[in-house]
Amino acid sequence: VGLLGILKAGGAYLPLDPSEPAERMLHMLQEAAPTLLLTQRRLLQSIVSAPLQHVSLDADWEKVARCSETRPVVDVTAKNLAYVIYTSGSTGKPKGVMVEHQAVCNHLLWMQRAFPLTEADRVLLKYPFNFDASICEIFGPLLAGARLIVPEPSDRWDVGQFVRMMTEEQVTVLDVVPSMLEALLDESGFSSSLYL
């Protein structure tokens, strides 16, 4: 909801993972200099050590309710920034990669032509928001009218829970790296969870 709100308001988002080291998050916040932080109250202390205007999506509904309900009129073009994702920093300091709307749009349209989704599809979001592969998992289904299944973050690392969720939610589309596929194939019940 936060990502969609940011984009609808004409902004660009910078995903932060609260499980990452505080120094990394501080570096990203200082370098990217966002004007607003959307978060949850329990995460606020671990994310910010510098003053930054924030909205806690799980606690600040009175503040949100005072905002206009009128659709924002924004002048966003294909050249506007959609998001910034930081590299792992394996070669030194993490670097912010700025991605424009046209790049996201072109990639999603190509994905829809190459691997078409329909309104009947159910896609399980596996990648965290701060990993660029999440872009296809989030916006691909929304573009096609498919259902996006969003698990709790802790469920992404529990293969058994992952397979149970695939069965319960009748997931039809799954994008995994080879190591994850190997773990899934070793899990009992994986083959019966497939709704292809």
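In which helix does histidine 27 lie? I open with that residue, and I should say at once that the structure before us is a predicted model. Histidine 27 lies in helix H2.

Its surroundings can be described in some detail. Histidine 27 is buried, at a relative accessible area of 16%. If residues up to four places away in sequence are set aside, histidine 27 touches Tyr86, Lys93 and Pro94. For lysine 93, the separation from histidine 27 is 66 residues in sequence, whereas the C-alpha atoms are 8.8 Å apart in space. Within H2, the buried residues are Arg24, Met25, His27, Met28 and Leu29. As a general remark, residues three or four places apart in an α-helix point the same way, because the helix has 3.6 residues a turn.

Let me now turn to the chain as a whole. The protein chain contains eight helices and six strands, and along the sequence these follow the pattern α-α-β-α-β-α-β-β-α-β-α-β-α-α. The radius of gyration is 18 Å, close to the 16 Å that the globule rule gives for 196 residues, so the chain is as compact as a globular protein of that length. The C-alpha trace spans about 50 × 40 × 35 Å along its principal axes. Of the 196 residues, 33% are buried. The chain exposes about 12500 Å², and carbon and sulfur atoms supply 57% of that area. As for contacts between residues at least 6 apart in sequence, 53% join residues at least 24 apart.

The next topic is the nonpolar interior. In soluble globular proteins, nonpolar side chains tend to be buried together. Here, the largest nonpolar core has twelve residues: Leu3, Tyr13, Ala82, Tyr83, Ile85, Val99, Val104, Leu108, Leu125, Ile135, Ile138 and Phe139. Which elements give two or more residues to this core? They are E3, helix H5, which covers 101-114, and helix H6, which covers 134-144. A second, separate core has eleven residues, including Leu124, Val159, Met165 and Leu184.

One member of the largest core, isoleucine 85, deserves a closer description. Apart from its neighbours within four places in sequence, isoleucine 85 is in contact with Pro15, Lys95, Gly96, Val97, Phe129, Asn130, Phe131 and Asp132.

Strand E3 also holds leucine 81. With 27% relative accessibility, leucine 81 counts as partly exposed. Not counting residues up to four places away, leucine 81 touches Gly11, Ala12, Met98, Val99, Glu100 and His101. Leucine 7 is 74 residues from leucine 81 along the chain, and their C-alpha atoms are separated by 9.5 Å.

I come now to the aromatic rings. How many aromatic pairs does a search of the whole structure find? The search finds three. One of them is formed by tyrosine 13 and tyrosine 83, which are stacked, with 5.5 Å between centres and 25 degrees between planes. Why does this pair tie together parts that are distant in sequence? Tyrosine 13 is in the loop between helix H1 (2-8) and helix H2 (22-32), while tyrosine 83 is in strand E3 (residues 81-86), so the pair joins parts that are 70 residues apart. Both rings belong to buried residues, tyrosine 13 at 4% relative accessible area and tyrosine 83 at 8%.

Tyrosine 127 and phenylalanine 131 form another aromatic pair, a tilted one, at 5.2 Å centre to centre and 50 degrees between the planes. Tyrosine 127 is buried, at 11%, whereas phenylalanine 131 is partly exposed, at 39%. The ring of tyrosine 127 has a further partner: the charged end of lysine 126 sits over it, 4.0 Å from its centre.

I end with two backbone details. Alanine 33 follows H2 and lies in the loop between H2 and strand E1, residues 37-39. Although alanine 33 is not a glycine, its phi is positive, at about 50 degrees. Is alanine 33 buried or exposed? Alanine 33 counts as exposed, at 52% relative accessibility, and the cut-off that places it there is 50%.

Glutamine 170 is the other case. Its phi is near 55 degrees, again a positive value in a residue other than glycine. Glutamine 170 lies in the loop between helix H7 (159-169) and helix H8 (178-186), and with a relative accessible area of 39% it is partly exposed.

Methods:
Residues numbered from 1 in each chain as written. Predicted model: local features only at pLDDT ≥ 70, side-chain atom pairs only at ≥ 80, totals over all residues. Heavy atoms only, no water. Phe/Tyr/Trp six-rings, centres within 6.5 Å; stacked < 30°, edge-to-face > 60°. Helix = DSSP H or I, 4+ residues; strand = E, 2+ residues; numbered from the N terminus. Buried < 20%, exposed > 50% of the residue type's maximum accessible area, 1.4 Å probe, protein only. Lys NZ or Arg CZ within 6 Å of the ring centre and 35° of its normal. Core = buried A, V, L, I, M, F, W, Y, C linked by side-chain atoms within 4.5 Å. Contact = heavy atoms within 4.5 Å. Rg over C-alpha atoms; globule rule 2.2 N^0.38 Å. Areas by Shrake-Rupley, 256 points an atom, 1.4 Å probe, with all protein chains shown as cover.
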